[in-house]
Amino acid sequence: MNEPNPFLDPARQSELYGHASRLAGRTTALMRAKTAGHPVPETIVSLVQTHHTRPDRLGVVLDIGCGRGTSSLVIAEQLRPRRVVGLDAAPSLLAQARERAKDLPDSTVEFVEGDFHDLPLPDGSSDVVVAAFCLYHSPRPQDVVGQIARVLAPGGLAVLVTKGLDSYQEMDQLVAATGLDPRAARHESLYTAAHSGNLADVAASSLDVIAVLDEEHVFTFDGHDHTAQYLATNPKYDLAPGLYGDPGALAATLHEFLPDQPLTTRSRITFVVAQPKEGGEPA
């Protein structure tokens, strides 16, 4: 029987996000490997500029699951709304986001701790709500979308972003082939709750979907050492004790079982743009 999906297991959240360095290490390794696909924060900005009726006069932009603040900072710099609110449940990530934003005016960007099932903003208070790579952390993503609909202002816009169920399957095959986790390719996708195939339907539970954009992102890791930097904090795999969190030990195992070679893997990134339903209650 499969272990619980780590993205939906409350007991795993401290392990996954209790230290900002873990997420930073995984993200840095992935972005270093990227060879195709537009930067996601810039695509979010472009979608807002295309679909919002007044993208040059935005009030509050809410960035749900802001993590280390990457998207929040790009939104602040490129859209220049009156205020960006980055929300996350992990204090360690928020601390790093605040550090990265320390040179911006205090009134421009703020980072708050909160639960996306109960957004700490008033009804109709946000011109734009972004939820990128976070809805799959909820067993009830429709409830989160309901909260997004509640805080959206009339004429507001939501941009939701997720990944395909089969993202990084080449990585699964490598992990299985080396014996690091023989069942790697059979584990449930980390993105099962909100993925490319169902995100539009999840959004439509409380919003009107007006656009869907799919883009393939390609990543080439230049060898086992680079691959191990990503694998070391990937929670999908059942690794032997001592390997999780240790890129050096993982790299040594990869070198032992396979000749050193690049690894190319892919992920389908889906953007859903939505707005409040017509005829909804005014804020």
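## Exercises on a predicted model

**Exercise 1. Strand pairing around β7**

Strand β1 (residues 34-36) and strand β7 (residues 207-221) run antiparallel and are joined by 2 bridges. The model is a predicted one. Determine which residue of β7 is the bridge partner of A36, and state what separates the two C-alpha atoms.

*Solution.*
- Step 1. Locate the residue: A36 belongs to strand β1.
- Step 2. Identify the partner: A36 is bridged to V218 in β7.
- Step 3. Compare sequence and space: A36 and V218 are 182 residues apart along the chain, and their C-alpha atoms are separated by 4.9 Å.
- Step 4. Classify the exposure: A36 counts as partly exposed, because its relative accessibility is 29% and that class lies between 20% and 50%.
- Step 5. Turn to the other pairing of β7: with strand β8 (residues 263-276), β7 pairs in the antiparallel sense over 14 bridges. One of the bridge partners in β8 is F271, which faces L213 in this pairing.

**Exercise 2. The cysteines C66 and C134**

Establish how many disulfides the structure holds, and explain the result for C66 from the distance to the nearest cysteine sulfur.

*Solution.*
- Step 1. Recall the bond in question: a disulfide links the sulfur atoms of two cysteines covalently.
- Step 2. Count: the structure holds 0 disulfides.
- Step 3. Check C66: the nearest cysteine sulfur is that of C134, 9.5 Å away, and C66 is in no disulfide.
- Step 4. Check C134: the nearest cysteine sulfur is in turn that of C66, at 9.5 Å, and C134 is likewise in no disulfide.
- Step 5. Apply the cut-off: a disulfide requires sulfur atoms within 2.5 Å, so the 9.5 Å between these sulfurs excludes the pair.
- Step 6. Add the surroundings: C66 is buried, with 7% relative accessible area, and C134 is buried as well, with 4%.

**Exercise 3. The setting of H52**

Decide whether H52 is buried or exposed, and find which backbone atoms its side chain reaches.

*Solution.*
- Step 1. Place the residue: H52 sits in the loop between α3 (40-51) and β2 (60-64).
- Step 2. Classify it: a relative accessible area of 5% makes H52 buried, because the class covers values under 20%.
- Step 3. List the contacts: the H52 side chain reaches the backbone nitrogen of R54 at 3.1 Å and the backbone oxygen of D127 at 3.3 Å.

**Exercise 4. Positive phi at R80 and Y168**

Contrast the exposure of R80 with that of Y168, given that both residues have a positive phi.

*Solution.*
- Step 1. State the background: most residues other than glycine have a negative phi.
- Step 2. Examine R80: its phi is near 50°, and R80 lies in the loop between α4 (70-79) and β3 (83-88).
- Step 3. Examine Y168: its phi is about 60°, and Y168 lies in the loop between β6 (152-163) and α7 (169-177).
- Step 4. Contrast them: R80 is exposed, at 66% relative accessibility, whereas Y168 is buried, at 5% relative accessible area.

**Exercise 5. The cavity**

Describe the largest cavity by its volume and by the character of its lining.

*Solution.*
- Step 1. Count: 1 cavity of 30 Å³ or more is present in the structure.
- Step 2. Give the volume: the largest cavity holds about 80 Å³ of space.
- Step 3. Name lining residues: among them are L165, Y168, D172, Y191, N234 and K236.
- Step 4. Divide the lining: 6 of its residues are nonpolar, 3 polar and 2 charged.
- Step 5. Link to Exercise 4: Y168, with its positive phi, is one of the lining residues.

Notes
Residues numbered from 1 in each chain as written. Predicted model: local features only at pLDDT ≥ 70, side-chain atom pairs only at ≥ 80, totals over all residues. Heavy atoms only, no water. 1 Å grid on protein atoms, 1.4 Å probe; cavity = no way out; pocket = protein on both sides within 12 Å on 5 of 7 lines; lining within 4 Å. Points joined across faces, edges and corners; volume = space filled by probe spheres on them. Nonpolar A, V, L, I, M, F, W, Y, C, P; charged D, E, K, R; others polar. Buried < 20%, exposed > 50% of the residue type's maximum accessible area, 1.4 Å probe, protein only. Pairing = 2+ DSSP bridges. Helix = DSSP H or I, 4+ residues; strand = E, 2+ residues; numbered from the N terminus. Polar contact = N/O pair within 3.5 Å; in protein donor to acceptor, adjacent residues only side chain to side chain.
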